[in-house]
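Here are my notes on the model you sent over. I went through it piece by piece, so the points below are best read with the structure open.

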Amino acid sequence: MKKIILILLSFVALVTSVMGQNVRVKAEFDSMAMWVGAQTKLTITAEYEGNKTLNFIAPIDSAIEVVDFAGYDTLVNGSLMSVSASYLITGWDSALVYMDGLAVVDGQDTFWSNPLTLKIVDVPLDTTNAICDIKRLENADFDWHRFWILVACFIVLVVLIFVAIWAYEKYFKNRKTNVGTVDQKPIDTRPAHIIALEALEHLRDENLWQAGRTKDYFSQLTDIVKEYVGRRYGISAVEQTSEDLLRELRMNTQIDIEKESVDMLKDVLEIADLVKFAKWSPLPADNEHAFEKGKAFVHKTKKEEEVKQNEVR
């Protein structure tokens, strides 16, 4: 009795296992009939349990043509898997297409779908009208209204361009020239030392270093001194570094300047460079010392202008 029960259980397990491996395939058209040259969708659906790798075989028939593969669609319901493959089908001749079944391959096993039929119907012809020749081409009437609108737009555009050019030449170009002339500073023809001493007094009155603006104070001080050197000796002193300027004053044989004067200028420039570039914080005495050295340098190197006085008769 036990052997019989074991045999039955084994048989049930075998049947269940075999049934679990089966793949159920179903195929259907969206429409069972279509016009010649129209399209319909063919869907092949395979249902199975477990994990499988299925290959769908595209339909092959002389009466139909696969236009495009529309892709796969997968549904999962617990252990039940449903995979669908869709194809766009067309036909170019009227016929009744019969297909025995479509194949789905799983390794060495092939599963077949249900048979299908598709009716391809000719497009009905309208026989009430006689056959006509191809109609000749007709020349379209010239659109004069649109033509004159385009001509008017072109004329307006040309006028606007000339007005813009005229306005630029008359107002903007002249304005630019006038602004440049007005903004140009007049040349100061006074002696170099007069200009420098006046600028130094103005710098003193600003009280920059007293207000904590030490860097601005020394920047203006060096600019005043360098501009003075440039006017006095005819060299480009403002564009040069302190080291280059001092070297030119010492080495240029055409510049008549004493070594003591160069040393005075060196003291001013060295303190200013320390403040501007090394972020050195000078004492109030250093600020006054640099100012007095710069002023003394101007006095020592100034060139007095000869003034001719008219005799009074």
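1. Let me start with one residue: is K295 buried, partly exposed or exposed? This is a predicted model, and in it K295 has a relative accessible area of 23%. Buried would need a value under 20% and exposed one over 50%, so K295 comes out as partly exposed.

2. As for its surroundings, K295 belongs to helix α7. Setting aside neighbours within four places in sequence, K295 touches L197, L200 and E201. There is also a link to another part of the chain: 8.5 Å separates the C-alpha atoms of K295 and V225, although their positions lie 70 residues apart along the chain.

3. Next, the helix pair that K295 takes part in. Helix α3 spans residues 192–206 and helix α7 spans residues 284–301; the two pack at an angle of about 165°, and their axes are 10 Å apart. Angles over 145 degrees count as roughly antiparallel, and α3 and α7 are therefore roughly antiparallel to each other. Their crossing is left-handed.

4. Who meets whom there? On the α3 side you will find H193, A196, L197, L200, E201 and R204, while α7 brings E288, F291, E292, G294, K295, V298 and H299. By type, the residues of this α3 and α7 contact split into five nonpolar, three polar and five charged.

5. A second helix pair deserves a look. Helix α4 (residues 214–233) packs with helix α6 (residues 259–277) at an angle of about 145°, with a distance of 9 Å between the axes. The crossing of α4 and α6 is left-handed. From α4 the contact takes T214, K215, F218, S219, L221, T222, V225, K226 and V229, and from α6 it takes L265, V268, L269, I271, A272, V275 and K276. Sorted by type, the residues of the α4 and α6 contact are 10 nonpolar, three polar and three charged. V225 appears in that list, and V225 is also the residue whose C-alpha atom lies 8.5 Å from that of K295.

6. Now the sheet. In what order do its four strands run? The order is β1-β3-β6-β5, in an open sheet with antiparallel pairing. β1 (24–29) and β5 (65–77) are the edge strands, each with a single partner, so one side of each has no neighbour in the sheet. From one strand to the next, the twist averages 15°.

7. The pairings can be walked through from one edge to the other. β1 is joined to strand β3 (residues 39–49) by six bridges, running antiparallel, and there E28 has T43 in β3 as its bridge partner. Between β3 and β6 there are 11 bridges, again antiparallel, with Q39 opposite T90 in β6. β5 and strand β6 (residues 80–90) pair in the antiparallel sense over 11 bridges; here V66 faces I89 in β6.

8. Finally, the chain as a whole. The secondary structure adds up to seven helices and 10 strands. How much of the chain is buried? Of the 313 residues, 28% count as buried. Taking contacts between residues at least 6 apart in sequence, 63% join residues at least 24 apart.

Conventions:
Residues are numbered from 1 along each chain as its sequence is written. This is a predicted model: local features need pLDDT of at least 70, side-chain atom pairs count only at pLDDT 80 or more; totals for chains, interfaces and linings use all residues. Side-chain values use heavy atoms; hydrogens and water are left out. Axes are lines fitted to C-alpha atoms, for helices over the stretch in contact, and angles run from 0 to 180 degrees between N-to-C directions. Angles under 35 degrees count as roughly parallel, over 145 as roughly antiparallel, 65 to 115 as roughly perpendicular and the rest as oblique. A crossing is left-handed if the near helix is turned anticlockwise from the far one by less than a right angle, and right-handed if clockwise. Contact means heavy atoms within 4.5 Å. Ala, Val, Leu, Ile, Met, Phe, Trp, Tyr, Cys and Pro count as nonpolar, Asp, Glu, Lys and Arg as charged, and the others, Gly among them, as polar. Two strands pair if DSSP finds at least two bridges between them. Buried means under 20% relative accessible area, exposed over 50%, partly exposed in between (1.4 Å probe, protein chains only).
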